[in-house]
Amino acid sequence: MYRPFSALLVLTTMISACSTQLTEQGLGVSLVTASSSNQCNLIKMFTVRGSGPDETLRLAFNAAGALGADSMAVADGKETSDGAEITGAALICHK
């Protein structure tokens, strides 16, 4: 017998399992505003693309963390036809 609720539960579990999770490095990154980033040291500018705004933000935190940043500023963000894109600045703000 077909059970719609069971199928929905399986589908929801599969979708959430595929979404990008924050890495340990990404968890250690803080988001800073452009004005407060003036007192930070730039490591590198980077661009990430994801399937949607939330996933793309997690990818940006992970990318900044992988570059050794403790903070990140979003220089540009936009939704695209196939998801979203963020250009960010990986920063060292806490010494």
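## Overall composition

Of the 95 residues in the protein chain, 33% are buried. The model described here is predicted. Its protein chain contains three helices and four strands, and from the N terminus onward these elements follow the order α-α-β-β-α-β-β.

The exposed surface of the protein chain amounts to about 6,300 Å², of which carbon and sulfur atoms supply 58%. Contacts that span long stretches of sequence are well represented: among contacts between residues at least 6 apart in sequence, 66% join residues at least 24 apart.

## The four-stranded sheet

The four strands form an open sheet in the order β1-β3-β4-β2, and the pairing is mixed. Strands β1 (30-31) and β2 (41-50) occupy the edges; each has a single partner strand, so one side of each is left without a neighbour in the sheet. In general, the strands of a sheet pair through backbone hydrogen bonds, in either a parallel or an antiparallel sense.

The parallel pairing is that of β1 with β3, which are joined by two bridges. Within this pair, Ser 30 has Ser 71 of β3 as its bridge partner. Ser 71 also has a bridge partner in β4, namely Leu 91.

Strands β3 (residues 71-80) and β4 (residues 83-92) pair in the antiparallel sense over nine bridges, and a hairpin of two residues connects β3 to β4. Along this pairing, Met 72 stands opposite Ala 90, while Ala 73 stands opposite Ala 89. On the other flank of β4, nine bridges join this strand to β2, again with the two strands running antiparallel. Here Lys 44 has Ala 90 as its bridge partner in β4.

## Strand β4 and Ala 90

Strand β4 is mostly covered, with nine of its 10 residues buried. Ala 90, which is found in this strand, has a relative accessibility of 0% and therefore counts as buried. Ala 90 serves as bridge partner to Lys 44 and stands opposite Met 72.

Leaving aside residues up to four places away in sequence, Ala 90 touches Asn 41, Leu 42, Ile 43, Lys 44, Phe 46, Ala 64, Leu 67, Ala 69 and Ser 71. One of these residues, Ala 69, is separated from Ala 90 by 21 residues in sequence, yet the C-alpha to C-alpha distance between the two is 5.3 Å.

## Helix α3 and the sheet

Helix α3 (residues 53-66) lies across all four strands, β1, β2, β3 and β4. The helix runs at about 145 degrees to β2.

## The loop between α1 and α2

Thr 20 lies in the loop that separates α1 (4-18) from α2 (24-27). Its relative accessibility is 16%, and Thr 20 therefore counts as buried, the cut-off being under 20%.

The side chain of Thr 20 makes a polar contact of 2.7 Å with the side chain of Glu 55. When residues up to four places away in sequence are not counted, Thr 20 touches Glu 55, Arg 58, Leu 59 and Asn 62.

## The disulfide

The structure holds one disulfide, which joins Cys 40 to Cys 93 with an S to S distance of 1.9 Å. This pair links distant parts of the chain: Cys 40 belongs to the loop between β1 and β2, Cys 93 belongs to the segment after β4, and the two are 53 residues apart. As a general matter, a disulfide is a covalent bond between the sulfur atoms of two cysteines.

The torsion about the S-S bond of Cys 40 and Cys 93 is about 110 degrees, so the disulfide is right-handed. Cys 40 has a relative accessibility of 15% and therefore counts as buried.

Technical notes. Residues numbered from 1 in each chain as written. Predicted model: local features only at pLDDT ≥ 70, side-chain atom pairs only at ≥ 80, totals over all residues. Heavy atoms only, no water. Buried < 20%, exposed > 50% of the residue type's maximum accessible area, 1.4 Å probe, protein only. Polar contact = N/O pair within 3.5 Å; in protein donor to acceptor, adjacent residues only side chain to side chain. Contact = heavy atoms within 4.5 Å. Areas by Shrake-Rupley, 256 points an atom, 1.4 Å probe, with all protein chains shown as cover. Pairing = 2+ DSSP bridges. Axes fitted to C-alpha atoms, helices over the stretch in contact; angles between N-to-C directions. Disulfide = S-S within 2.5 Å.
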